[in-house]
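This report addresses two topics, strand pairing and cysteine chemistry. The sequence and the structure are shown below.

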Amino acid sequence: MMNNLPNNPADLVAHAAFFESKGSYSLANKLLNELKNIFDNFPSKEVALEEFKKLTSSANNPKQTPSNLNYLFLWICLRWAININFDGMNIPQILKAMANDGLHQLRRDIFTELSRQMIPEGPEDKKTRKSLKNIFFVLCSELDLKSAKKNAEIIKENCSEDDELNKVTNLVILLLEQKFETVYNLIQEDNRLSNTLIEYSVMSYLLVHEKTNNFRQGVKQVTNYLLSVSNVNELVSSSQFLLTYILSMECSEKLALDTLNTLSENTERMKHREEFHLMKLIILCYYRKYDLMDEVIMFLEKTYADYNQENKMIKNCIPQFIEANKNNFLPAKKPVHVDKKKRTAEMHSVCFGEDQYIEDLINVGLKSLVSSDDFELIKQKFDLRFYIDTTKECEGKIKEKTKFLVEQGLKVTVSSELLVENSIARLRLGLPFYEVMQRCYRDNAIYINLPPDHIIGNGLFNMINNCPQGGAAGGGLLRASANKARSFMQTNDFLQLLKQKNRNNELAKMVFSNWRIDFHRYFESPFTQHTNFSIKNEKIFLNQPFGAIFVAKPNENFLTTLSKSWCPRYTGSFNAGAWEILLQSFDHNFPIMLNEQKLYYGAKSTEEWIICELSADSHYIPTAKVVHPLISLSTKTPEEQKKLTDRPYHVDIDGSFLPLSHLLI
């Protein structure tokens, strides 16, 4: 049917509504995209207006209207400057709503059309010019090069070649095209342009200098720029970006500490803020300079002394993290192994916050686990136990909903000891992962990760068998739209999918069709070369370095490697939630370091293993990933980096779904 698309706009809408009502969002998306293409290619406003009148008159019946058609109507009106009265229309609110619904590409298309309507009246029209630049930066920050180029052409048509706005758009386009030498030369010649690039993205500015072998010069220039920043929040945030990049590149603490001290000594408002001292503390901990920590810890203790209960917990959490790091994450006593007929396997989950996560734990994580081909086999072969870390608010609900596991004779522990309360749980998020690794090390147990909001495929038993002693296994992680997947789960189709022997391939099909998310645009981006999708011989590959760890068999070397793997590669890692840094290691550095020791097993294809993560449609928009996960990685050549990090994972789908059309629904 899709090879013979209806060519009438009203028919396209009717067909799209039918497929949407059946949950076939992929087919509905193709039809609405075809509708968009028809309107985009009309020869004149008069033709577009006439067809728009016909379309809106035929789309009045709600039963025949796709839920997102009004968003597309807005784009049509902007595209052809059609003056239609949308009652009380607030475009910023509409754009925000589109982001929440995951309609990011259509939102970006609307941004481009807004630019087309915003012609600056001259260099003195600062408000319009600022709006144009902000729109352009939104498109570029989300790696939408096609829309960014359209936007740049609009600006070029209305600004002289020497206009600053024109220069900025040209510069960032060159950056997205990875023409680093050209960008470097331009910002050396124009200090104002240089500062604009820092303002746009500290990370991108440093990337340009790294790629042209001028990294330390870039650090110095960013530091000098930050000394002139008056907004304290911008200063702190940009300083964290700067330090994140330094820690990913420098094997010594000197440059990081010198930079931080320069910022504080020349900026009084920075010196006395707790953010500065937290940054210094994390730097010292990362480089293991424990003898320099006393002064910083004393300041933090004094700062938090009169704070509320939440910050008292933060104060108690940081020393725990430092102490664990000093001891290489090893327990005080070595394990005493007891010979048992069956080896213990612990399925560990962390679940807190909203009731939605508890529902996910039961209806997504556990339902997909216990219905898999592997669950009964794992119960037979291992002494299986469940351990769920949660908070006081969620503990009773989870105990009630996991009674069915206890009734099967399984040991289930639900504890709020570590995460305590929802208000502080996020700051302590890495602590349960630290504790479970120590627990499995002491008991010679196998660790199995059971995230609440992940659909587990078949193949877990083989992943356990392939996991090396003292190492880990993982891979095959695909993100899917949480809204669309949860809607599908309300039907019997979800149970039928879980019953299928080829569950893994069917899950992959759903991820790349009806559960698609804007994140899947990664396959188009040169900025994500080690974490993107690729097409080889009409087959889809996921070039994730290794994916999150889902199985582990910890020993002493394992824990020591874990202690060396954490790195504050995200700016949020510089806050008081030091334990969260550890959690990020499971997705990034730790698998790479284990692989260097030949202690990591990565799944090769969906035939072997898959896990689908339900991700918020408003999040996971592709952005430039330019920070190296490891210092050791940053010093390698691009060829060496690729050899080390590329683990092509074959997404086994009959016929390629790529290239993917833009998402409208």
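## Sheet and cysteines

In this predicted model, an open sheet is formed by 3 strands, arranged in the order β5-β12-β7 with mixed pairing. Strands β5 (454–456) and β7 (477–481) stand at the edges; each has a single partner strand, so one side of each is left without a neighbour in the sheet. From one strand to the next, the twist averages 25 degrees.

The pairing of β7 with β12 (residues 611–615) is parallel and comprises 5 bridges. Within β12, Cys612 is the bridge partner of Leu478. Helix α20, which spans residues 355–370, lies across β5 and β12. The direction of α20 is at about 5 degrees to β5.

The second topic is the cysteines. How many disulfides does the structure hold? The count is 0. A disulfide requires two cysteine sulfur atoms within 2.5 Å, and the table lists two cysteines whose sulfurs do not meet this criterion.

| Cysteine | Closest cysteine sulfur | Sulfur distance | Relative accessible area |
|---|---|---|---|
| Cys440 | Cys467 | 11 Å | 0% |
| Cys567 | Cys251 | 11 Å | 5% |

For Cys440, the closest cysteine sulfur, that of Cys467, is 11 Å away and therefore too far for a bond. Cys440 is also buried, its relative accessible area being 0%. The sulfur of Cys567 is likewise too far for a bond, because the closest cysteine sulfur, in Cys251, lies at 11 Å. Cys567 is buried as well, with a relative accessible area of 5%.

Note on methods:
Residues are numbered from 1 along each chain as its sequence is written. This is a predicted model: local features need pLDDT of at least 70, side-chain atom pairs count only at pLDDT 80 or more; totals for chains, interfaces and linings use all residues. Side-chain values use heavy atoms; hydrogens and water are left out. Two strands pair if DSSP finds at least two bridges between them. Helices (H or I, at least four residues) and strands (E, at least two) are DSSP runs, numbered from the N terminus. Axes are lines fitted to C-alpha atoms, for helices over the stretch in contact, and angles run from 0 to 180 degrees between N-to-C directions. Contact means heavy atoms within 4.5 Å. Buried means under 20% relative accessible area, exposed over 50%, partly exposed in between (1.4 Å probe, protein chains only).
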